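Student: Could you walk me through how to read a structure like this one? Let's take a feature at a time.

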Amino acid sequence: MLLAVFFFSIMDVSMKWLSYHYSPFQVSFFRGACSLPFVMLWFAHSGRIEHLKTGKPMWHLVRGLMSVLFLVGVVIGLRELTLANAYAIFFSAPLLVALLSIIFLQEKVGIRRWSSIVIGLVGVLIALNPSGDGFFSLGAIACLFGVFGYSVVVIVIKKMSTTETTFAMVFYFLLSLTVGCGILSLFDWQPMQWEHWPVLLALGLSGSIGQYLITEAFRLAPVSVITPLDYSALIWGALFGYVIWLEVPALHVWLGAAIIIGSGLYLMIRESKTNSSPIKTPEIK
């Protein structure tokens, strides 16, 4: 899981770097198109191509459309904010998933779960620094939009997980990004520059390796054990942001992130003790 988070951080760095040269739709297209060949090689090597069969094509279509929307929001957020600030907002996703599970999956909830959700959302407000212009900035709005879309996708995955395989959900996720964002990017397509190919290669490799590692992590260990390790992304975000772009996260970002992480960890502990359905799945990266 730690290695998966590291490689996904490299993927985010690649998308952030590309977002300064190409539109969000084109960068999202690169995310799918650069990873799809490596994932197909993984499927072919495992001999599980038959696992791509699906009985719920419409659910995959709905999930694909939402994935296109949320990833575009993520790309814009990564472009406009520091990596650490964007990650602090992204960490609120498990809290929103828990909230949406109450609404759409009719999951029972007690005062402790509600409290962790509310406190976590307060942490988001602190990280956004509403006293300044951070709350209404394009990057903040895009990140929040991405988190909402991401959370809806997780709810859809919960609906699909009883019949669909991990292979099918990974493949159709990447295929949706490639086709959907590819079509949308045609309206503002920028010719590829040769010097950007190493970044595209890093994007494809890091996304594919991260996907494989996180799938293995969820296969080998309980969700409640490995999911908290996802928060190590904040360390890589702060490090890569400083080394590459000289980004230094403000104090309110660290404070908000600490509150969000604490609320998320508490929620995960409560979920594991009550044997509730996992609030995070390996197929959504």
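Tutor: Happy to. Keep in mind that this is a predicted model. Let's begin with cross-links: the structure holds zero disulfides.

Student: And the cysteines C34 and C181, are they buried or exposed?

Tutor: Burial is read from relative accessible area, and under 20% counts as buried. C34 has 16%, so C34 is buried. C181 is buried too, with a relative accessible area of 0%.

Student: Let's step back to the fold. How many helices and strands does the protein chain have?

Tutor: There are 12 helices and zero strands. Read from the N terminus, the order of elements is α-α-α-α-α-α-α-α-α-α-α-α.

Student: How do I read the packing of the whole chain?

Tutor: Look at burial and at the sequence separation of contacts. Of the 285 residues in the protein chain, 52% are buried. Among contacts with a separation of 6 or more, 86% join residues 24 or more positions apart. As for the outside, the protein chain exposes about 13,000 Å², with carbon and sulfur atoms supplying 73% of that area.

Student: Which span should helix α1 have, going by its residues?

Tutor: You compare an expected span with the distance between the end C-alpha atoms. Helix α1 (residues 2-19) has 18 residues, so at 1.5 Å a residue it should span 26 Å, and its end C-alpha atoms are 26 Å apart, which agrees.

Student: What covers the buried residues of α1?

Tutor: The buried residues of α1 include F8, M11, D12, K16 and L18. Their cover includes α2 (24-46), α3 (57-80), α4 (83-90), α9 and α11 (233-245).

Student: How many residues of α4 are buried?

Tutor: Eight of the eight, so α4 is largely enclosed by the rest of the structure. Among them are N85, Y87 and F90.

Student: Could you take a single residue in α9, say S208?

Tutor: For a single residue, put its element, its burial and its contacts together. S208 sits in helix α9 (residues 197-220). Its relative accessible area is 9%, so S208 is buried. Leaving out residues up to four places away in sequence, S208 touches S35, F38 and V39.

Student: What about charged pairs?

Tutor: Side chains of opposite charge can pair when their charged atoms come close. Here the count comes to two salt bridges. In one of them, K16 and E247 meet at 3.3 Å, N to O. K16 lies in helix α1 and E247 in the loop between α11 and α12, so the pair ties together parts that are 231 residues apart in sequence. Both K16 and E247 are buried.

Student: Which residue forms a salt bridge with E80?

Tutor: That's R79, with the closest N and O atoms 3.0 Å apart. E80 is partly exposed, at 39% relative accessible area, and R79 also counts as partly exposed, at 22%.

Student: Which residues form a nonpolar patch on the surface?

Tutor: L239, Y242, V243, I244, L246 and V248 do, with about 630 Å² of accessible area together. Take L246, in the loop between α11 and α12 (251-274). L246 has a relative accessible area of 64%, so it is exposed.

Student: And how far apart are I269 and P228 in space?

Tutor: They are 9.8 Å apart, C-alpha to C-alpha, with their positions 41 residues apart in sequence as the separation. I269 is in helix α12 and counts as partly exposed, at 45% relative accessibility.

Conventions: Residues numbered from 1 in each chain as written. Predicted model: local features only at pLDDT ≥ 70, side-chain atom pairs only at ≥ 80, totals over all residues. Heavy atoms only, no water. Helix = DSSP H or I, 4+ residues; strand = E, 2+ residues; numbered from the N terminus. Buried < 20%, exposed > 50% of the residue type's maximum accessible area, 1.4 Å probe, protein only. Contact = heavy atoms within 4.5 Å. Areas by Shrake-Rupley, 256 points an atom, 1.4 Å probe, with all protein chains shown as cover. Expected span 1.5 Å × (residues − 1). Disulfide = S-S within 2.5 Å. Patch = residues over 30% accessible without salt bridge, like charges linked within 9 Å, V, L, I, M, F, W, Y side chains within 5 Å. Salt bridge = Lys/Arg side-chain N within 4 Å of Asp/Glu carboxyl O.
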